[in-house]
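Thank you all for coming; I would like to walk through one structure this morning, going from the strands to the side chains that connect them. Please have the sequence and the model open while I talk.

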Amino acid sequence: QVQLVESGGGLVQAGGSLRLSCAASTRTFTNYAMAWFRQAPGKERDFVAGISRSGGRIAYADSVQGRFTISRDNTKNTVYLQMNSLKPEDTAVYYCAAGDGVVWRNYRSYDYWGQGTQVTVSS
């Protein structure tokens, strides 16, 4: 069993920044691709960013390219999402996910999920 714990969410003004962290409780962290998804009330769960096992391959949703950066530190079993130039439409619950053999943007292909952290961007 892999447990994922997100932190770093909060309330910020438009144009501000937040850094989300996701800590994984597993000795086999490098077996998993990692990703961030987000879900707003009444909306589908949308892919935000993903990173491969070694960190060598990265993917972003078009809506966050140039503003968000995903990274991972395999010595700390942690994945990060640096969010800059935040917009009100970024408001959502952000979830960390892990999986092996994933399809980047398909949430159903991930095996483990964190409980989520709320990000609210005011205008």
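Let me begin with a pair of strands, S7 and S8, which are joined by six bridges and pair in the antiparallel sense. Within that pairing, Phe68 has Met83 in S8 as its bridge partner. I should say straight away that what you are looking at is a predicted model, and I would ask you to keep that in mind for everything that follows.

The two strands I have just named belong to an open sheet of four strands, whose order is S1-S3-S8-S7 and whose pairing is antiparallel. S1, which covers residues 3–7, and S7 stand at the edges of this sheet, and because each has a single partner strand, one side of each is left without a neighbour in the sheet. From one strand to the next, the twist averages 15 degrees. As a reminder for those who do not look at sheets every day, the side chains in a regular strand alternate between the two faces of the sheet.

Staying with this sheet for a moment, let us look at Ala23, which is placed in strand S3, residues 18–25. Is Ala23 buried or exposed? The answer lies between the two, since Ala23 has a relative accessible area of 38% and therefore counts as partly exposed. Leaving aside residues up to four places away in sequence, Ala23 touches Gln3, Leu4 and Val5, and it also touches Asn77 and Thr78. Arg67, a residue I will come back to, is 44 residues from Ala23 along the chain, and the C-alpha atoms of the two are separated by 22 Å.

Strand S3 also brings us to the disulfide, of which the structure holds one. It is formed by Cys22 and Cys96, with their sulfur atoms 2.1 Å apart. This pair links distant parts of the chain, with Cys22 in strand S3 and Cys96 in strand S9, residues 92–99, the two being 74 residues apart. The torsion about the S-S bond of Cys22 and Cys96 is about -80 degrees, and the disulfide is therefore left-handed. Both partners are placed alike with regard to solvent: Cys22 is buried, and Cys96 is buried as well.

Now that S9 has come up, let me turn to its pairing with S4. The two run antiparallel, and seven bridges join them; here Phe37 stands opposite Tyr95 in S9. S4 also pairs with strand S5, residues 46–51, in the antiparallel sense and over five bridges, and in S5 the bridge partner of Met34 is Ile51. The hairpin of S4 and S5 has six residues between the strands, and in it Gly42 takes a positive phi near 80 degrees. How many of the seven residues of S4 are buried? Six of them are, so S4 is largely enclosed by the rest of the structure.

That leaves the charged side chains, and as general background, side chains of opposite charge can pair when their charged atoms come close. The structure holds two salt bridges. In one of them the side chains of Asp90 and Arg38 meet, at 2.9 Å from N to O. Asp90 lies in the loop between strand S8 (78–83) and S9, whereas Arg38 lies in strand S4 (residues 33–39), so this pair ties together parts that are 52 residues apart in sequence. Both Asp90 and Arg38 are buried.

The other salt bridge is between the side chains of Arg67 and Asp90, at 2.8 Å from N to O. Here, too, distant parts of the chain are linked, with Arg67 in the loop between strand S6 (58–60) and strand S7 (68–73), and Asp90 in the loop between S8 and S9, 23 residues apart. Arg67 counts as buried because its relative accessible area is 11%, and Asp90 is buried with a relative accessible area of 0%. Through shared partners, the salt bridges join Arg38, Arg67 and Asp90 into one network.

Asp90 has further neighbours that you may wish to find on the screen. Its side chain reaches the backbone nitrogen of Lys87 at 2.8 Å. Not counting residues up to four places away in sequence, the residues that Asp90 touches include Phe68, Ser85, Val119 and Val121. With Phe68 we are back at the residue whose bridge partner in S8 is Met83, which is where I started, and I am happy to take questions.

Technical notes: Residues numbered from 1 in each chain as written. Predicted model: local features only at pLDDT ≥ 70, side-chain atom pairs only at ≥ 80, totals over all residues. Heavy atoms only, no water. Buried < 20%, exposed > 50% of the residue type's maximum accessible area, 1.4 Å probe, protein only. Contact = heavy atoms within 4.5 Å. Disulfide = S-S within 2.5 Å. Salt bridge = Lys/Arg side-chain N within 4 Å of Asp/Glu carboxyl O. Pairing = 2+ DSSP bridges. Polar contact = N/O pair within 3.5 Å; in protein donor to acceptor, adjacent residues only side chain to side chain. Axes fitted to C-alpha atoms, helices over the stretch in contact; angles between N-to-C directions.
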